[in-house]
Every structure is written in C-alpha cells, then in structure tokens.
Amino acid sequence: MSDASVSPSSAPFHVLITGGSSGIGAALALQYARPGTHLTLWGRNPERLTEVAAQVVRKGATADTLSLDLCQTDDALAELRKTDDARQIDILILGAGLGDIRPEGALTEKAEEVRNISLVNFTTPATLATEMASRMAARKGGRIALVGSVAAFHDLPIATAYSGSKAGLARFSTALHAAMTPHHVSVTLISPGYVDTPMSQRLEGARPFLVSSRRAAQMIARAIGQGRAHLLFPWPFAIARFVEMIVPRAIVHRLLRTAEVRQRPAR
Ligand SMILES: NC(=O)c1ccc[n+]([C@@H]2O[C@H](COP(=O)([O-])OP(=O)(O)OC[C@H]3O[C@@H](n4cnc5c(N)ncnc54)[C@H](OP(=O)(O)O)[C@@H]3O)[C@@H](O)[C@H]2O)c1
C-alpha cells in the first residue's frame, strides 16, 4: 500500500492509538510507523506496550507509551488533553476493547463485567472522541476512528454487553461523523468481523472469514485516510447484517439463542 493512503497530510504527524499493546491496535501502530511519525500507544500491559513501541521505533518512527485503565474515564480524558497540549494529535484511533461472553451455565453475564465492558467499549471512547472532535474542529482538521464490531448489528444473547456497547458506539460514531463533517474532522467507524488477535483466539470453535491483523490494519488505515464514515469487513458480514434486518426478530432471536460459544480465559 502506498504511503499516501495512510498519511493525512505531510509528515511529521502524530497518531494516538488506544489498545496499542495488542492485536489490531498493535498492527495499526506498525502500519503507521515510518520516519517523521510519532506514535502514542495506550494500553494496560506495560511489557506488551514496550515491545510494540520497540517495533515501531525499528521502522523509523518515534513512540511513547502510557499504561492506563480505560475504566477510569476521567483519568483517560485528562491524559488525552495533556498529550494533545504537548503534541497535537492528527489521528486518534480508539481501538481498545473488551470482549466477554456469558459464563457457561449462567443466565446472564456478570454485572461488574457488564459495567467494565460498557466503560471500555462505549463511555470512554465516546468521551475521548468528543474531546478530540472539539479540539480538531477548532483547528479545522483531524481524523478520529472508533473500532466497533459487527456484533453491534446483532442481538447476541451470550454477549449482551459486548453487542450493546458496540451498537452504542456505532450510532455515536456515525452521529459524530454527521456533526463533524462540516468542520473538516473525519470520524470513521470500523466494524470488523473476526480478526486473528488474542481477543478472537480466546474463542473456541470456528472463526469464519478470519482476517489477519496486518490485513485489517491496512484496510482500517486506508478507510481513515479516505475519511470514510464506516468500514465493515469482511463483506459476508455486511450480508449477515442485511439478512438480519429483513428476517422477523423472533426468528432471529430463536436462531441466536442456539449459538453455543465458549472462550478460554484472558491472558
Ligand atoms: N479480534 C476480533 O475478532 C474483533 C472483532 C470485532 C471487533 N474487534 C474490536 O477490535 C478492537 C481491538 O481488539 P483486538 O482484537 O485487537 O483485541 P486484543 O488483542 O485483546 O486487544 C485489546 C486491546 O484493548 C486494550 N484494553 C482492553 N481493556 C482495556 C482497559 N480496561 N484499559 C485499557 N486498555 C484496555 C488491551 O490492552 P492490554 O492488552 O494492554 O490489556 C489491548 O491493547 C476491540 O475494540 C475489539 O472489540 C475485534
């Protein structure tokens, strides 16, 4: 892929990625890494953050890392303001996410886990995107991407918090896109199907139409560069979304209730 498709303007520029310690976020860090670019990588695990930063630096970029818990929304907002004051952010990628499914034999997910998923997948990214949109609009330029999921478009009985939080994020993102377009700020919603990362590797069973994290990062960077409102991939999930919209909900729910998914413990 050419450099122009991932660079919003002339180098140097600054890309902040939440979830930069793993999976899609780490692949995006490597995708953007080149001389003249500064990567700010956020995550929880300091060792993994340091490892990704080292890879980014080997590709000629500069990088710094911050270990923080996105359940602490106010702390994350303060850190974003501090980072942007020190070095203007050109691209903000809100990639961090928390996935979980109902424990085997339980009727519901755990209440505390639902709270955490809501904070990491919706509340904090929506808060950070809003702050960044306001700052970028004032300087008449910038790009924001929010990583949702195709789960947003389905009522998943075993992952109500995941599908619900991603649905909220999807609507938030396209609404912010509508609000920010006249102000030269692009807001791109990313809705991936299965991507080969530690998150999906926890799932036992099939991962249809699996995409590598490198390929996902290429597609995401291109969509951000083009300022698209929405990227959904791979395409069979767009068909699944359409089918679900036209089939009566009671039938869809009956089918979804039969879905048996198990997962291994997180790292
Ligand atoms: N993989 C898929 O099949 C798939 C499909 C659809 C959507 N997505 C979405 O893609 C995004 C990236 O996921 P991934 O597949 O790359 O998963 P991953 O490898 O598990 O990475 C998740 C990232 O989110 C960070 N994170 C999680 N909870 C956090 C918290 N409380 N505070 C700060 N950071 C936190 C993790 O940090 P640490 O590792 O440092 O803890 C990690 O960097 C997520 O939003 C996910 O929902 C993934």
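Student: Let's start at the ligand: which residue has a backbone N or O atom 2.8 Å from an oxygen atom of the ligand?

Tutor: Bear in mind that this is a predicted model, where local features need pLDDT of at least 70, side-chain atom pairs count only at pLDDT 80 or more, and totals for chains, interfaces and linings use all residues. Residues are numbered from 1 along each chain as its sequence is written, and side-chain values use heavy atoms, with hydrogens and water left out. We're after a polar contact (a pair of N or O atoms within 3.5 Å; within protein, one must be able to donate a hydrogen and the other to accept it, and residues adjacent in sequence count only if both atoms are side-chain atoms). The residue with that 2.8 Å backbone pairing is Ile24.

Student: And how many residues surround the ligand?

Tutor: A residue counts as near if one of its heavy atoms lies within 4 Å of the molecule. The side chain of Arg48 has an N or O atom 2.9 Å from a ligand oxygen, and Gly95 brings a backbone N or O atom to 3.0 Å from one. Ser21, Ser22, Asn45, Tyr162 and Thr197 are the closest of the surrounding residues, whose number is 31.

Student: Moving to the protein interior, which element supplies the largest share of the largest nonpolar core?

Tutor: A nonpolar core is a set of buried Ala, Val, Leu, Ile, Met, Phe, Trp, Tyr and Cys residues joined through side-chain atoms within 4.5 Å, and this one has 33 residues, with Tyr32, Leu39, Ile93 and Phe233 making the most contacts inside it. Elements giving at least two residues each include strand S1 (13-18), helix H1 (23-32), strand S4 (91-94) and helix H7 (213-226); helices (H or I, at least four residues) and strands (E, at least two) are DSSP runs, numbered from the N terminus. The largest share, 7 residues, comes from H7.

Student: How many residues are in the other core, the one with Leu16, Leu80, Val120 and Val187?

Tutor: Take Ile93 of the largest core: leaving out residues up to four places away in sequence, its contacts (heavy atoms within 4.5 Å) include Leu16, Ile17, Tyr32 and Ile224. The other core lies apart from the largest one, and its residue count is 31.

Student: Lys166 is buried and has no salt bridge, so which side chain of opposite charge is nearest?

Tutor: Lys166 sits in helix H5 (residues 160-180), and buried means under 20% relative accessible area, with exposed over 50% and partly exposed in between (1.4 Å probe, protein chains only). Past four places in sequence, Lys166 is in contact with Asn121, Val147, Gly148, Ser149 and Ala152. For charge, Lys and Arg count as positive and Asp and Glu as negative, leaving out His and the chain ends. The nearest opposite charge is 13 Å from Lys166, on Glu113.

Student: Which residue does Arg139 pair with in a salt bridge?

Tutor: A salt bridge puts a side-chain nitrogen of Lys or Arg within 4 Å of a carboxyl oxygen of Asp or Glu, and the count here comes to 9. Arg139, in the loop between H4 and S5, has its partner 55 residues away in helix H3 (residues 73-86). The closest N and O atoms are 2.9 Å apart, and the partner is Asp84.

Student: Why do Glu131 and Arg135 sit about one helical turn apart?

Tutor: The two form a salt bridge with closest N and O atoms 2.8 Å apart, within a network that also links Arg81, Asp84, Asp85 and Arg139. They are about one turn apart because both lie in helix H4, with a sequence separation of 4 residues.

Student: How far apart in sequence are the parts that Arg249 and Asp155 tie together?

Tutor: Their side chains meet in a salt bridge at 3.0 Å, N to O. Arg249 is exposed at 55% relative accessibility, whereas Asp155 is partly exposed at 30%. Arg249 belongs to helix H9 (residues 249-257) and Asp155 to the loop between S5 and H5, so the separation is 94 residues.

Student: Last one, on backbone oddities: which residue follows Phe233 across a cis peptide bond?

Tutor: Most residues other than glycine have a negative phi, and most peptide bonds are trans. Lys140 has a positive phi near 60°, as does His184 at about 65°. The cis bond from Phe233 has omega near -10° and leads to Pro234.
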